[in-house]
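Trainee: I should like to understand how the descriptive terms applied to a structure are justified. May we go through them one at a time?

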Amino acid sequence: MTFRARRPVRTLLATVLCGIFPLLAGALVMAPPASAAALVEVRDFGENPSGLRMYLYVPEGVAERPGVLVAAHYCDGSGPVFHLRTEFASLADRYGFIVVYPSVTRPSRCFDVSSPQALRRGGGGDPLAVRSMVAHVVRTHGADPDRVYVTGMSSGAMLTNVLLGVYPDVFRAGAAFAGVPFGCFATTDGTGWNADCAQGRVSRSPAEWGDLVRGAFPGYAGERPRMQLWHGTEDDILRYPNFREQIRQWTDVLGVSRIPALTDRPRPGWTRARYGTDGVQAPLEVISLYGTGHSLLVDGMASRAIGFFGLDEAV
């Protein structure tokens with residue numbers, strides 16, 4: 001897919017969305033029905049400046065003090081569709097954590113990862129609404145505030161990067177499937193789409209990328225969330241150079257060497273690297289998928305994200 005600078009933004013965005021959804025519809029696995037637990041909408045969960053909808057999945061065998069996973073959909077998707085087409089609910093049935101599915105109501109069905117308010121702590125927008133959802137679950141379901149995680153695909157992967165930057169004291173780790181670095185999609189004209197970033201034409205030094213994250217929450221000196229990154233080499237929507245730029249960003253933010261502690265091939269076509277340590281819960285784990293386009297979350301990838309978070313462990 002080729003983007004031209006003179007194309008109208010609305011036309012461009014519609015073209016992109018039409019290209020994304022068919023790919024995703026075939027790539028996301030249908031989660032098998034595993035229990036009588038149901039997805040429910042929570043209508044009054046707190047501050048919600050961008051009008052997101054909140055869908056909640058609490059498994060029948062929920063743990064006594066459960067962890068929380070925010071699972072964010074792709075453009076033109078929704079919380080209920082992401083619930084049906086991914087394995088996170090069935091994994092919640094198995095391990096007892098709670099899943100929050102935020103759902104966009106604006107016409108693009110894309111999360112706001114570009115506006116100035118979304119890219120700073122307390123600025124408003126979708127990140128603040130998701131923060132309210134997490135607080136609601138902790139408050140009403142006795143969830144463990146020290147075991148809160150976020151994952152997402154495409155637009156949801158971008159939101160994952162943003163949430164880890166804006167609310168590092170809320171989320172302990174994230175897993176981004178086909179995303180871009182924090183701040184890469186930033187715009188000031190209200191369009192919400194950054195073609196240079198999408199096409200992989202934005203490149204910065206590790207320190208410059210890191211400063212964007214640190215600037216989202218000035219003065220924060222606490223522990224930074226761990227990150228897991230996934231990207232296909234043939235991604236033509238959010239192109240593969242964004243994978244490299246995310247690695248530059250998060251190695252700098254996490255203060256780890258850009259020389260991997262481990263590099264291996266867990267499956268044919270997969271190249272995995274771990275930074276900081278070589279363990280399953282390294283500060284940064286990245287997986288490159290050779291020959292794969294803008295379609296992920298298959299072949300047990302969701303369960304690998306859950307393992308990276310530690311949500312498959314008894315507490």
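**Terms and their grounds**

Mentor: Certainly. Please note that this is a predicted model. What covers the buried residues of H7 includes helix H5 (155-166) and helix H8 (241-254).

Trainee: Which residues of helix H7 are the buried ones?

Mentor: In H7, which spans residues 206-216, they are Pro206, Trp209, Gly210, Val213 and Ala216. Each is called buried because its relative accessible area is under 20%.

Trainee: How do you know that the buried residues of H7 line one face of the helix?

Mentor: Viewed along the axis of H7, the buried residues lie within an arc of 115°, and therefore they line one face. In general, an α-helix has 3.6 residues a turn, so residues three or four places apart point the same way.

Trainee: Why is H3 called oblique to H9?

Mentor: The axes of helix H3 (residues 88-95) and helix H9 (residues 301-309) cross at roughly 45° and come within 10 Å. Angles under 35 degrees count as roughly parallel, and 65 to 115 as roughly perpendicular. The angle of roughly 45° belongs to neither class, so H3 is oblique to H9. The crossing is right-handed.

Trainee: What makes the contact of H3 with H9, and how many of its residues are nonpolar, polar or charged?

Mentor: H3 contributes Phe88, Leu91 and Tyr95, while H9 contributes Ala302, Ser303 and Ile306. By class, five are nonpolar, one is polar and none is charged. Ser303 is the polar one, because serine is not listed among the nonpolar or charged types.

Trainee: How much of the protein chain counts as buried?

Mentor: Of its 315 residues, 56% do.

Conventions
Residues are numbered from 1 along each chain as its sequence is written. This is a predicted model: local features need pLDDT of at least 70, side-chain atom pairs count only at pLDDT 80 or more; totals for chains, interfaces and linings use all residues. Side-chain values use heavy atoms; hydrogens and water are left out. Buried means under 20% relative accessible area, exposed over 50%, partly exposed in between (1.4 Å probe, protein chains only). Helices (H or I, at least four residues) and strands (E, at least two) are DSSP runs, numbered from the N terminus. The arc is that of the directions from the helix axis to the C-beta atoms. Contact means heavy atoms within 4.5 Å. Axes are lines fitted to C-alpha atoms, for helices over the stretch in contact, and angles run from 0 to 180 degrees between N-to-C directions. Angles under 35 degrees count as roughly parallel, over 145 as roughly antiparallel, 65 to 115 as roughly perpendicular and the rest as oblique. A crossing is left-handed if the near helix is turned anticlockwise from the far one by less than a right angle, and right-handed if clockwise.
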